[in-house]
Amino acid sequence: MKNLVVFASGRGSNFNAIINAINEGKINAKISALITDKICPAIQISKENNVDYKIVKPKDFQDKDSYINELIKNLDVYKPDLIILAGYMRIIPSQILDIYPMKIINIHPSLLPSYPGMDSIKRAWEDRATYSGVTVHYVNDGIDQGPIIIQEKVKICDDLGKFEEAIHKVEHNIYIDAINKVLKSFDFVIVSNCLIEDGYRYNNESKISKRVKKIINDFEGKVYKFCPEAFLGVPRKPMDYINNRIISIDGVDFTDEIKNNIEAFIGKIDPCSNILAILKENSPSCGVKKIGLFTKSIKEKFKNVLIVSEREI
Ligand code: GRF
């Protein structure tokens, strides 16, 4: 059975909703511990439900590293499959993200990327927007910035209290759906070769990402590794993606060959699969940020795909 650890700093209504969902058989997992950064009402919920709790207060430690090590030590004990932030008011240190990449999720009371940070409910309400909402996302090094798992809109009404209530009601349902979605995992992972193996970039220099490597190593299903330009060997001339064409710096147009390669590769994968694609952020052929051909083709072919770059995790 999957093992969850919840982090909270406040009243813990989301923590409580997750406990209820487990008790009602809506989530097939157990919560092995609650970790907080202070004395807070969530601890009482944990006591009432016989869930272990640990209070790890940064100010109890001599320096930041000892505090982070204590968090890591606690997580080592529980070995969570998933870490769930439920109103945890601290940034997750990058050392923890290195150990648990794409295994930490957070709930935020707005439609991200709108209103990240504090007081999101009030800020959206004060702006008199028509809608705000709730987002569940993977945690990365940014604040409320990781890849989005689920979002739901909530209509803003005149009464702030009622709007807050509506947001929390949606939170308590959407978090359960998001947890189930994440626990179900992906059918396949597609990964840009240069993020995990040597010898694929044009100049033969490695851009290996340790978080991507960890995700790939931990993934239990099939991993498809691919480099759309690999057939050109290394070293090769760097390419650029201009006006939908991939052209090397000495002016040779490789678009058609690269396109054929991509089509042959994705043609092997069932279009109905639920896929995680981890693709290089800046690359003419992969390219998540300035969209490259590979990202474009994956978006067109697969309906159930989460595309992330090595810098977003
Ligand atoms: C929720 O609004 C959640 O979206 C945000 O912090 C709040 C926590 O509420 N991250 P609770 O402690 O779960 O009641």
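**Exercise 1. How far from an oxygen atom of the ligand does a backbone N or O atom of N14 lie?**

Before we start: this is a predicted model, where local features need pLDDT of at least 70, side-chain atom pairs count only at pLDDT 80 or more, and totals for chains, interfaces and linings use all residues. Residues are numbered from 1 along each chain as its sequence is written, and side-chain values use heavy atoms, with hydrogens and water left out.

*Solution.*
- Step 1: look at the backbone of N14; one of its N or O atoms lies 2.8 Å from a ligand oxygen. That fits a polar contact (a pair of N or O atoms within 3.5 Å).
- Step 2: move on to I107, where a polar backbone atom is 2.9 Å from a nitrogen atom of the ligand.
- Step 3: check E171, whose side chain has an N or O atom 2.2 Å from a ligand oxygen.

**Exercise 2. List the residues around the ligand and sort them by type.**

*Solution.*
- Step 1: collect residues with a heavy atom within 4 Å of the ligand. You get R11, G12, S13, N14, G87, I107, H108, P109, H168 and E171.
- Step 2: sort them, with Ala, Val, Leu, Ile, Met, Phe, Trp, Tyr, Cys and Pro as nonpolar, Asp, Glu, Lys and Arg as charged, and the others, Gly among them, as polar. The shell comes out as two nonpolar, six polar and two charged.

**Exercise 3. Find the salt bridge partner of R211 and place both residues in the chain.**

*Solution.*
- Step 1: apply the rule, a side-chain nitrogen of Lys or Arg within 4 Å of a carboxyl oxygen of Asp or Glu. The count comes to 17 salt bridges.
- Step 2: pick out R211, which pairs with D98, the closest N and O atoms being 2.7 Å apart.
- Step 3: place them, using DSSP runs numbered from the N terminus (helices are H or I, at least four residues; strands are E, at least two). R211 is in helix α7 (residues 210–218) and D98 in helix α4 (residues 94–99), so to speak distant parts of the chain, 113 residues apart.

**Exercise 4. Track down the backbone oddities at P113, P235 and N50.**

*Solution.*
- Step 1: recall that most peptide bonds are trans, and most residues other than glycine have a negative phi.
- Step 2: a cis bond joins L112 and P113, with omega about 15 degrees; P113 is in the loop between β5 and α5 (120–126).
- Step 3: another cis bond joins V234 and P235, with omega about -10 degrees. P235 is in the loop between β9 (222–226) and β10 (239–242).
- Step 4: N50 isn't a glycine, yet its phi is positive, about 55 degrees. Its loop runs between α2 (41–48) and β3 (52–55).

Key
A polar contact is a pair of N or O atoms within 3.5 Å; within protein, one must be able to donate a hydrogen and the other to accept it, and residues adjacent in sequence count only if both atoms are side-chain atoms.
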